[in-house]
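The following note sets out several points on the model for a colleague's consideration. Each point takes up one part of the structure.

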Amino acid sequence: MDEYTADTFVNRDEPVPVLAFPGTGSPPPDPEGKRSRLRESLSNSKLKEKLQDGASSRSETGFSLQDRLLTKLLQQVIPTENIEEVLELPPDKRSSKYIGRPGFSLPLMTNNFRRFNSRIGIVFVFQTRLIRVLTWRDPTHTLSLLAVCTFICLDPYLLATLPIAVALLFVMVPAYLIRHPAPPPTVSHTSYSLNGPPLAPARTIKPAAEMSKDFFRNMRDLQNSMDDFSNVHDGVLKIITPPTNFSNEALSSTIFLFLFVSTCTLFIASHLLPWRLMSLFFCWVSITLGHPSVQQFVLNNRESHLRPHERTAQSWLDAWIARDIVLDEPPETREVEVYELQRRTGGRKGEWESWIFSPNPYDPLSPQRIAGERPKGTRFFEDVCAPKGWEWGDKKWVLDLGSREWVEERMVQGVEVEVEGERWVTDLVVDDDASSTPKKGKKTSPERGEGEGQGPSGMWRRRRWIRMVRRKGVSSTNGKDG
């Protein structure tokens, strides 16, 4: 294994540090989740789309025979029909049919990773040097950065010259010095001629050779950078998500109000703010906080000086939220109904038997009654449940005493309405000998429909029960992402 690859940008200093946040890190192994994700990724439609370009001439170039045979085998295993067309699913715009990019291929992925890892060293070199500058490893370099930032903050027009200056100092000058190297320390300047042709060939940037130490240094730094990104991602979400996802509506409403007022204020008065001085102050404070002595000083005095102010600000914010943020909108409430149906047994003089609790009154002209279907519902009152997404707003059902009102509202015909007592609404008995005068305490519906007499008239009676429900709140556990 070679020590290093010549003419290659590789971070040969200490590894890229790994950031860590409290409560973050690599997630615990989840075998069930891995199996489900693997089954989903290995579905026929997914694998066929991903591997359809695996054996193309473009992807096979430079691959081993084993890789090409594996790709061919997977293509033969996957069915040829398109599952989206069979199931009439909407097309996936990420499919390779709609974009001019190759699909997923294991050999192509391996080759691209090798090429990427051989060339990513310049990013890690820049990252390492930036960390050294911001952490005051070389104070002269950090002070130079502060000077540059000061000039740019005080005169933002100088920002246009920054890319040109970077190209001159970090590209052109090093390239010239390679072709025209300085004289060795052992040679006097008088005997070393500065004239004449270049003394060294021009430098050519080459990727790191595979299986070299530089190649594995890049893999090391890439590994640490992926860990850094995951930790930063989880840390940012842990800080930003709780106050902004309205799990605590009072706090999120306060943040929304502050952001809205700040937006309106800056939209009107942003030109009055001293942006140059503010940028200069922010730049100096940010770079100064990177000094180890300043960091240690801040950490040592945080409990004694910063904590009391943090608690004071938190108590003030909580008091302001409790006093000015009012979220008193009651949940939506509605009235639900259920009909208690009873059926006569033993003929006209038989007794009424409790039959079922149904969401429909099952009147003589109802579609179920005309079709000869049995009423649908539950046998016991306790089994009646609130609608999906709602919960009971009171403790028990209440008998609707306005029986005549709901009969007229639903235009129920062929029934007699009991306006006193238990408020039963009974089917009329079609019989010539039946008395046309209703009993005391009962009132016959003023009109009978054309369909009276059809079906088992006089065999059913019902009364209406009502109860209030309110919309159920969504718990915080249901709002979490899996």
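1. Beyond its neighbours within four places in sequence, Ser403 is in contact with Val417, Glu418, Val419, Arg423 and Val425. The model is a predicted one. Ser403 belongs to helix H15, which covers residues 403-409. With a relative accessible area of 1%, Ser403 is buried.

2. Glu418, one of the contacts of Ser403, lies in strand S5 (residues 415-418). Its relative accessible area is 13%, so Glu418 counts as buried, the limit being under 20%. The side chain of Glu418 reaches the backbone nitrogen of Glu422 at 2.9 Å. Glu418 and Arg463 are 45 residues apart along the chain, and their C-alpha atoms are separated by 9.5 Å.

3. The largest nonpolar core has eleven residues: Tyr339, Leu341, Ile356, Tyr362, Trp406, Val407, Val412, Val415, Val417, Val425 and Trp460. Strand S1 (333-345), H15 and S5 are the elements that give two or more residues to this core. A second, separate core comprises nine residues, among them Val336, Phe357, Trp390 and Leu399.

4. Within the largest core, Leu341 merits separate mention. Leaving aside neighbours within four places in sequence, its contacts include Ile356, Tyr362 and Trp460, as well as Ser354, Pro375 and Arg462.

5. Arg462, a contact of Leu341, is found in strand S8 (residues 460-471). Is Arg462 buried or exposed? Arg462 counts as buried, because its relative accessibility is 1%. A polar atom of the Arg462 side chain lies 2.7 Å from the backbone oxygen of Tyr362, and Tyr362 is itself a member of the largest nonpolar core.

6. Helix H8 (residues 139-154) has 16 residues and should span 22 Å at 1.5 Å a residue; its end C-alpha atoms are 22 Å apart, so the two values agree. The buried residues in H8 are Thr142, Leu146, Cys149, Thr150, Ile152 and Cys153. These buried residues pack against helix H7 (121-134), helix H9 (162-179) and helix H12 (275-288). As general background, an α-helix has 3.6 residues a turn, so residues three or four places apart point the same way.

7. The structure holds zero disulfides. Cys149 is in no disulfide, and the nearest cysteine sulfur, that of Cys283, is 3.5 Å away. For Cys283, likewise in no disulfide, the nearest cysteine sulfur is that of Cys149. The separation of 3.5 Å does not meet the cut-off, because a disulfide requires cysteine sulfur atoms within 2.5 Å. Cys149 counts as buried at 18% relative accessibility, and Cys283 counts as buried at 12%.

8. Helix H10 (residues 213-244) contains 32 residues, with an expected span of 46 Å at 1.5 Å a residue; the end C-alpha atoms are 46 Å apart, in agreement with that value. A kink of about 25° nevertheless lies at Lys238, shortly before the proline Pro242. Just after H10, Phe246 takes a positive phi of about 60°.

9. Several residues of H10 are buried, including Asp214, Phe215, Arg217, Asn218, Asp221, Leu222, Asp228, Gly235 and Pro243. The cover over the buried residues of H10 includes helix H6 (106-119), H7 and helix H11 (249-269). H7 is also one of the helices against which the buried residues of H8 pack.

Notes: Residues are numbered from 1 along each chain as its sequence is written. This is a predicted model: local features need pLDDT of at least 70, side-chain atom pairs count only at pLDDT 80 or more; totals for chains, interfaces and linings use all residues. Side-chain values use heavy atoms; hydrogens and water are left out. Helices (H or I, at least four residues) and strands (E, at least two) are DSSP runs, numbered from the N terminus. The expected span of a helix is 1.5 Å times one less than its number of residues. Buried means under 20% relative accessible area, exposed over 50%, partly exposed in between (1.4 Å probe, protein chains only). Contact means heavy atoms within 4.5 Å. A polar contact is a pair of N or O atoms within 3.5 Å; within protein, one must be able to donate a hydrogen and the other to accept it, and residues adjacent in sequence count only if both atoms are side-chain atoms. The bend at a residue is the angle between axes fitted to the seven residues ending there and the seven starting there. A nonpolar core is a set of buried Ala, Val, Leu, Ile, Met, Phe, Trp, Tyr and Cys residues joined through side-chain atoms within 4.5 Å.
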